[in-house]
Amino acid sequence: MHTEEVDTIIIGGGLSGIYAAFLLAEKKKSLVLLEARSRVGGRILSPEHQGFFADLGPSWYWPMINPKLNALIQTMGLKGYPRSGPILVLANDQPETKRTDTDNGP
Ligand SMILES: Cc1cc2nc3c(=O)[nH]c(=O)nc-3n(C[C@H](O)[C@H](O)[C@H](O)COP(=O)(O)OP(=O)(O)OC[C@H]3O[C@@H](n4cnc5c(N)ncnc54)[C@H](O)[C@@H]3O)c2cc1C
């Protein structure tokens with residue numbers, strides 16, 4: 001049986017686990033990340049159908065409220081888009097337009 005010694009074992013390959021691995025790798029720490037599913041990403045999910053990707057979350061962040069996430073997005077060179085237009089919310093099966101202004105999105 002193959003055995004290996006590592007500094008850290010991370011359980012779960014969602015955003016938290018992947019970010020923990022990123023920070024440890026930056027510090028040159030050895031690690032193993034254990035993920036129960038056949039894919040990483042956890043609740044992050046964008047299934048593809050006929051060349052189109054459905055965004056099943058997460059998609060929104062607020063730079064003022066989530067400055068660490070905003071910094072990470074900048075570090076990774078990812079692009080954010082400001083949200084605009086109304087939000088349609090389904091509550092108790094009743095569609096309701098919640099907002100018509102623009103969030104302070106990225
Ligand atoms: C539909 C939807 C929309 C969302 N929209 C937003 C949004 O707009 N903005 C926002 O900020 N957040 C949003 N979120 C929340 C965001 O997705 C989560 O907060 C974030 O992805 C959680 O990451 P996590 O790594 O903490 O947990 P998870 O993504 O749940 O990852 C945990 C991982 O651990 C694995 N795991 C669990 N137990 C074990 C085990 N015993 N052994 C090995 N692996 C294990 C799981 O398989 C999973 O991959 C949304 C979530 C959903 C579902």
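## Exercises on a predicted chain

Lys-29 is exposed because 12 other C-beta atoms lie within 10 Å. The model you are looking at is predicted, and Lys-29 is a friendly place to start reading it.

### Lys-29 and its surroundings

**Task.** Work out where Lys-29 lies and which residues it contacts beyond its neighbours within four places in sequence.

**Solution.** Begin with the position: Lys-29 belongs to the loop between α1 and β2. Next, check the exposure: a residue counts as exposed if 12 or fewer other C-beta atoms lie within 10 Å of its own, so the 12 around Lys-29 qualify. Then list the contacts, leaving aside neighbours within four places: Asp-7, Thr-8 and Leu-24. Finally, take Thr-8, which is 21 residues from Lys-29 along the chain, with the two C-alpha atoms separated by 7.7 Å.

### Order of helices and strands

**Task.** State how many helices and strands the chain has, and give the pattern they follow along the sequence.

**Solution.** Start with the count: two helices and six strands. Now put them in sequence order, which gives β-α-β-β-β-α-β-β. For the wider view, turn to the contacts with a separation of 6 or more: 31% of them are between residues 24 or more positions apart. As for burial, buried residues make up 0% of the 106 residues in the chain.

### Pairing of β1 and β2

**Task.** Decide whether β1 and β2 run parallel or antiparallel, and find the bridge partner of Ile-10.

**Solution.** Strand β1 covers residues 8-11, and four bridges join it to β2; the two run parallel. Along the way from β1 to β2 the chain passes through α1, and this β-α-β crossover is right-handed. Now look at individual pairs. Ile-9 faces Val-32 in β2, while Ile-10 has Leu-33 as its bridge partner.

Go on to the loop between β2 and β3, where you will find Arg-37. Its 10 C-beta neighbours inside 10 Å make Arg-37 exposed. Although Arg-37 and Gly-12 are 25 residues apart in sequence, their C-alpha atoms are 8.9 Å apart in space.

### Two helices

**Task.** Compare the span of α1 with the expected value, then say how many residues of α2 are buried.

**Solution.** Helix α1 has twelve residues. From its first C-alpha to its last, α1 reaches 16 Å, close to the 16 Å expected at 1.5 Å a residue. Helix α2 runs over residues 67-75, and of its nine residues the number buried is zero, so α2 lies largely in the open. Gly-77 follows α2 and has a positive phi, near 70 degrees.

### Backbone angles in the loops

**Task.** For Lys-28 and Gln-50, give phi and decide whether each is buried or exposed.

**Solution.** Take Lys-28, in the loop between α1 and β2. Phi of Lys-28 is near 60 degrees, a positive value in a residue other than glycine. Lys-28 counts as exposed because it has 7 C-beta neighbours inside 10 Å.

Now turn to Gln-50, in the loop between β3 and β4. Here phi is near 50 degrees, again positive in a residue other than glycine. With 4 C-beta neighbours inside 10 Å, Gln-50 counts as exposed.

### The cis peptide bond and its loop

**Task.** Find which residues the cis peptide bond joins, and place Pro-58 and Ser-59 in the chain.

**Solution.** The cis bond joins Gly-57 and Pro-58, with omega about -10 degrees. Pro-58 sits in the loop between β4 and α2, and Ser-59 is found between β4 and α2 as well. Ser-59 counts as exposed because its C-beta neighbours inside 10 Å number 11. From Ser-59 to Tyr-81 there are 22 residues in sequence and 10.0 Å in space, C-alpha to C-alpha.

### The shell around the ligand

**Task.** Name the residues that come nearest to the ligand, and say which element gives the largest share of the shell.

**Solution.** Around the ligand there are 20 residues, of which Gly-12, Gly-14, Gly-42, Gly-57 and Pro-58 come nearest. Two of these names should look familiar, for Gly-57 and Pro-58 are joined by the cis bond. By element, the largest share comes from helix α1 (residues 15-26), with three residues. By residue type, the shell divides into nine nonpolar, eight polar and three charged.

Note on methods. Residues are numbered from 1 along each chain as its sequence is written. This is a predicted model: local features need pLDDT of at least 70, side-chain atom pairs count only at pLDDT 80 or more; totals for chains, interfaces and linings use all residues. A residue is near a molecule or strand if its C-beta atom, placed from the backbone, lies within 6 Å of it. Ala, Val, Leu, Ile, Met, Phe, Trp, Tyr, Cys and Pro count as nonpolar, Asp, Glu, Lys and Arg as charged, and the others, Gly among them, as polar. A residue is buried if 20 or more other C-beta atoms lie within 10 Å of its own, exposed if 12 or fewer, and partly exposed in between; C-beta atoms are placed from the backbone. Two residues are in contact if their C-beta atoms, placed from the backbone, lie within 7 Å. The expected span of a helix is 1.5 Å times one less than its number of residues. Two strands pair if DSSP finds at least two bridges between them. A crossover is right-handed if, with the strands pointing away from the viewer, the path from the first strand over the helix to the second runs clockwise.
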